[in-house]
Amino acid sequence: MATFFLVIIYLAFISLGLPDSLLGAAWPVMQRDYGVSLDTAGLLSMSMAGGTIISSLASGKVIGRFGTGKVTFVSVLMTAVALLGFYFSPSLVWLFIFAIPLGLGAGSVDAGLNNYVATHYKAHHMSWLHCFWGVGATMGPIIMSQFISTQNSWRNGYLTISLIQFALVVVLFLTLPLWKKIGGAGMVDDTKEVPATTPQEPGEQLKKANPLRIKGVKLAMVSFLLYCGAEAAAGLWGSSFLVAVKDLPAGVAAQWVSLYYGGITAGRLITGFITFKMSNIALIRSGLLVAMFGAVLVILPLPSVFLLTGFILIGMGFAPVFPCMIHETPVRFGKEHSQAIIGYQMALAYTGSTFIPPLLGLMAAHITIGIFPYFIAILVVALFACSERLNILVKKGILFKGTKRNTTAM
């Protein structure tokens with residue numbers, strides 16, 4: 001039964017990934033149908049991101065009141081209705097209207113399930129959870145491309161994804177009792193918190209009221225902003241760099257960038273097994289070093305095979321970073337604060353993926369797209385510095401006082 005429950009959680013994360021890449025795949029046809037400019041897709045994407053940021057920030061209080069199961073059920077229902085709204089939308093205005101609940105639903109699922117797995121399950125489940133996001137993000141464009149190529153219709157693609165979401169809504173509704181009954185089955189305590197009777201240090205009551213006052217939280221939030229900004233920027237501008245600077249055909253460039261995403265998905269699957277032998281901190285550190293090496297391969301004037309290897313290594317290096325940072329949150333700051341803090345982290349993550357890629361595009365327009373690998377490398381170096389600073393704070397015992405790291409294989 002516990003395994004079945006974990007499958008439900010994985011399915012919910014597939015549903016989170018399904019809509020994420022739909023707009024980009026469908027936009028060439030949607031743009032023609034609505035007769036709007038190319039950059040309108042960016043405004044739609046920012047509308048979705050705005051809803052996601054809001055729901056991520058509010059997730060701590062909302063989930064604290066209603067529970068992860070109910071919030072996940074309602075959130076997936078919201079995304080299903082929003083996707084159905086895209087199918088029926090007669091004008092661009094309606095797309096913007098339905099973009100809001102689509103973003104709101106995604107943020108709650110993301111923050112809620114990340115915290116649930118971080119506090120209830122071993123580290124390898126966190127990596128596999130985000131691997132299933134990659135499965136959904138890969139399936140979405142495949143489904144959409146089938147309808148566009150065979151029917152020249154983007155609407156049926158949205159309808160199909162919506163129906164898949166509604167099917168999951170039914171499953172989530174039927175399994176709501178499991179969240180309380182067996183939610184803790186198979187869980188591991190990677191954090192040992194101070195008993196309630198332990199005397200509190202000065203300012204501890206303030207920290208309970210406002211987790212942002214905890215030492216290191218803001219630094220962790222910046223880490224998420226940098227990571228998601230780098231991940232999104234590499235995916236958005238990698239193809240343009242390959243075409244404009246490396247003179248690759250557009251089709252080949254698109255395939256190479258798809259291998260970047262494949263590196264992330266495959267890397268997270270592999271990371272799930274590696275967590276049995278390596279800690280989250282070691283995986284984050286090694287992943288960032290691999291990503292940096294990949295960026296160097298892209299920068300250097302080497303044969304094409306090294307360029308392709310660089311893109312794959314950037315993806316594989318990124319793979320463990322996000323899930324391991326999430327899983328470290330209750331270790332660094334305590335389970336009592338983890339839901340609210342993960343909500344803040346998700347908000348900064350979406351902020352990074354919303355604004356950093358356009359920043360790179362703006363700089364490239366005024367300088368050259370050739371700055372692409374240097375930009376990615378700088379973000380990785382900054383993220384490495386933030387991560388190592390957090391590790392120093394943990395080692396010195398400056399962060400959450402009730403944390404005891406489990407150094408054995410998880």
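This is a guided tour of a predicted model, with a suggestion at each stop of what to select next and a description of what is there.

**The whole chain**

Begin with the whole chain in a cartoon view, where the secondary structure comes to 16 helices and zero strands. If you then colour the residues by accessibility, you will find that 52% of the 410 residues count as buried. Among contacts between residues at least 6 apart in sequence, 82% join residues at least 24 apart, and several stops on this tour show pairs that are distant in sequence.

**A26 in helix α2**

Select residues 22-34, which form helix α2, and pick out A26 within that helix. A26 has a relative accessible area of 0%, and because the cut-off for buried is under 20%, A26 is buried. Now add W154 to the selection: A26 and W154 stand 128 residues apart in sequence, yet their C-alpha atoms are 5.8 Å apart in space. Leaving aside residues up to four places away in sequence, A26 touches M144, I148, W154 and Y158.

**H130 and two cysteines**

Move next to residues 123-151, helix α6, and select H130 there. Which residues does H130 touch, not counting those up to four places away in sequence? Show the side chains of F13, N114, R268, F322 and P323, for these are its contacts. H130 itself is buried, with a relative accessible area of 4%.

While you are here, select C131, which is buried at a relative accessible area of 8%, and then C324, which counts as buried at 1%. A search of the whole structure for disulfides finds zero.

**Helices α14 and α15**

F322, one of the residues touched by H130, also takes part in the next stop, where it belongs to the α14 side of a helix contact. Select residues 321-333 for helix α14 and residues 335-366 for helix α15, whose axes come within 8 Å and cross at roughly 145 degrees. The crossing of α14 past α15 is right-handed. From α14 the contact is made by F322, I326, T329, P330 and F333, while α15 contributes K335, H337, S338, I341, I342, Q345, M346 and A349. If you colour these contact residues by type, they divide into eight nonpolar, four polar and one charged.

**Helix α12**

Turn now to residues 280-299, helix α12, and draw a distance between its end C-alpha atoms, which are 29 Å apart. This agrees with the 28 Å that its 20 residues should span at 1.5 Å a residue. Several residues of α12 are buried, among them N280, I284, G287, A291 and V298.

**L219 and D247**

Select residues 217-244, helix α10, and find L219 in that helix. Is L219 buried, partly exposed or exposed? At 24% relative accessibility, L219 counts as partly exposed. Add L383, which is 164 residues from L219 in sequence, although the two C-alpha atoms are 9.9 Å apart in space. Beyond residues up to four places away in sequence, L219 touches C386, R389 and L390.

For the last stop, select D247, which lies in the loop between α10 and α11 (250-274). With 63% relative accessibility, D247 counts as exposed. Its backbone deserves a careful look, for D247 has a positive phi of about 60 degrees although it is not a glycine.

How values were computed: Residues are numbered from 1 along each chain as its sequence is written. This is a predicted model: local features need pLDDT of at least 70, side-chain atom pairs count only at pLDDT 80 or more; totals for chains, interfaces and linings use all residues. Side-chain values use heavy atoms; hydrogens and water are left out. Helices (H or I, at least four residues) and strands (E, at least two) are DSSP runs, numbered from the N terminus. Buried means under 20% relative accessible area, exposed over 50%, partly exposed in between (1.4 Å probe, protein chains only). Contact means heavy atoms within 4.5 Å. Axes are lines fitted to C-alpha atoms, for helices over the stretch in contact, and angles run from 0 to 180 degrees between N-to-C directions. A crossing is left-handed if the near helix is turned anticlockwise from the far one by less than a right angle, and right-handed if clockwise. Ala, Val, Leu, Ile, Met, Phe, Trp, Tyr, Cys and Pro count as nonpolar, Asp, Glu, Lys and Arg as charged, and the others, Gly among them, as polar. The expected span of a helix is 1.5 Å times one less than its number of residues. A disulfide is a pair of cysteine sulfur atoms within 2.5 Å.
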